[in-house]
Amino acid sequence: MSMYRNAIWFLNGIHQYTRKGYEAASKDFEHQDLNVSVVGRSFMVTGANSGIGRATAMAIAKKGGTVHMVCRNRDKAEEARTDIVNESGNTEIYIHIVDMSQIRKVWEFAESFRKQYPSLNVLINNAGCMVHKRELTAEGLEKNFATNTMGVYVLTQTLIPLLQKSRDPRVITVSSGGMLVQKLQVNDLQSEKGHFDGVMIYAQNKRQQVVLTQQWAKANPVIHFSVMHPGWVDTPAVRSSMPQFHHMMGDRLRSVDQGADTVVWLALSRVASRTCSGQFFQDRKRVPVHLPLAWTHSSAEEIQISGVLSSQMCRRYFARLRLLKR
Ligand SMILES: NC(=O)c1ccc[n+]([C@@H]2O[C@H](COP(=O)([O-])OP(=O)(O)OC[C@H]3O[C@@H](n4cnc5c(N)ncnc54)[C@H](OP(=O)(O)O)[C@@H]3O)[C@@H](O)[C@H]2O)c1
């Protein structure tokens with residue numbers, strides 16, 4: 001079944017996720033959707049110094065928005081900020097240094113941000129990684145899971161009260177079409193069992209982001225949640241984490257602006273906020289979260305367990321760090 005699933009996924013990808021796929025899909029785009037000014041609105045973008053995150057931050061800055069760049073490396077962040085300010089003429093661009101895999105730091109950052117700033121209109125969970133060897137963070141979490149799932153969970157969950165106070169609040173999470181080959185798994189979140197396959201663990205984390213988005217949407221009706229696939233994009237992450245794929249795809253990969261297009265559309269356009277909350281997007285369209293006959297569906301019970309599990313896990317984890325009053 002997984003061979004069938006992977007083959008269908010790859011064929012789909014060649015057709016849709018490439019530069020040509022974007023060019024075909026963009027014929028249906030309404031260009032006035034992005035004819036907006038977002039002066040006075042604030043946007044937080046994680047991983048904003050590179051690739052899709054940087055292109056997203058640039059596009060928002062050009063529309064006048066205030067951008068909070070959340071990056072782990074100060075030099076790279078400063079360099080990206082300088083480019084964004086020079087090209088957009090917008091100086092409302094702020095840097096926050098946070099490693100998204102260090103959960104206590106993520107929590108401390110989000111807590112201090114919500115005390116310091118009166119509002120946050122849009123959170124864009126973009127930072128992500130694909131690590132091929134099982135590595136643990138200093139806090140004892142598997143690195144892919146810490147960055148792609150736990151960090152996203154803690155940042156979003158902690159900022160929800162601030163988003164709720166803000167006008168037209170949105171949360172966009174940059175997942176991946178790779179999640180389509182994975183069924184949600186909740187019994188080995190730290191990848192302790194069996195063979196460690198970084199590509200599949202990344203895909204599993206990206207499935208977890210889709211499920212978390214659906215759960216957040218149900219629990220927080222005031223906020224518009226969405227999750228998306230950018231397509232196959234030529235970025236440093238693809239170059240370094242999937243060198244063979246990068247070489248094989250060559251100039252069939254999308255540009256970073258093409259990859260960022262749907263993130264920007266979800267963050268800025270009025271029409272995006274009128275779509276149902278909690279959905280998965282590709283090229284400005286809602287798309288299914290399962291391939292046909294792929295056996296990746298989870299029962300309501302499994303989804304519920306995963307929700308309970310992830311929140312319990314976070315609570316237990318916080319308690320261990322003495323961050324939550326019991
Ligand atoms: N490119 C694709 O084809 C593709 C396809 C599907 C999904 N995506 C998703 O798109 C998102 C953006 O990736 P990209 O392709 O644009 O790659 P990229 O250019 O390498 O950008 C990844 C960004 O995430 C940051 N990051 C990684 N780990 C971090 C951590 N622990 N703390 C803080 N920041 C961290 C990186 O910071 P540094 O610069 O310091 O490393 C960088 O800014 C990711 O979530 C990725 O999974 C990409």
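**Sheet, core and ligand shell**

In strand 1, Thr46 stands opposite Val70 of strand 2. This pairing belongs to a predicted model, in which strand 1 (residues 42-46) and strand 2 run parallel and are joined by five bridges. Strand 2 (residues 66-71) also pairs in the parallel sense with strand 3 (residues 93-97), again over five bridges. Here, His68 is found opposite Tyr94 in strand 3. Between strand 2 and strand 3 the chain passes through helix 4 (residues 74-88), forming a right-handed β-α-β crossover.

These strands form part of an open sheet of eight strands, ordered 3-2-1-4-5-6-7-8, in which the pairing is mixed. Strand 3 and strand 8 (285-286) each have a single partner strand and occupy the edges, so one side of each lacks a neighbour in the sheet.

The largest nonpolar core comprises 75 residues, among which Val45, Ala57, Met69, Val106, Ile124, Val263 and Ala267 touch the most other members. Helix 6 (residues 143-165) supplies the largest share of this core, with 11 residues. Beyond its neighbours within four places in sequence, Met69 is in contact with residues including Val45, Ala48, Ala57, Ala77 and Ala80. Further contacts of Met69 include Ile93, Tyr94 and Ile95, as well as Arg81 and His96.

Around the ligand lie 28 residues, of which Gly47, Gly51, Gly128, Thr235 and Ala237 come nearest. Helix 3 (51-62) and helix 8 (236-241) are the elements that contribute two or more residues to this shell. By residue class, the shell around the ligand consists of 12 nonpolar, 13 polar and three charged residues.

Technical notes:
Residues numbered from 1 in each chain as written. Predicted model: local features only at pLDDT ≥ 70, side-chain atom pairs only at ≥ 80, totals over all residues. Near = placed C-beta within 6 Å. Helix = DSSP H or I, 4+ residues; strand = E, 2+ residues; numbered from the N terminus. Nonpolar A, V, L, I, M, F, W, Y, C, P; charged D, E, K, R; others polar. Core = buried A, V, L, I, M, F, W, Y, C linked by C-beta atoms within 7 Å. Buried ≥ 20, exposed ≤ 12 C-beta atoms within 10 Å, placed from the backbone. Contact = placed C-beta atoms within 7 Å. Pairing = 2+ DSSP bridges. Right-handed = clockwise from strand over helix to strand, strands pointing away.
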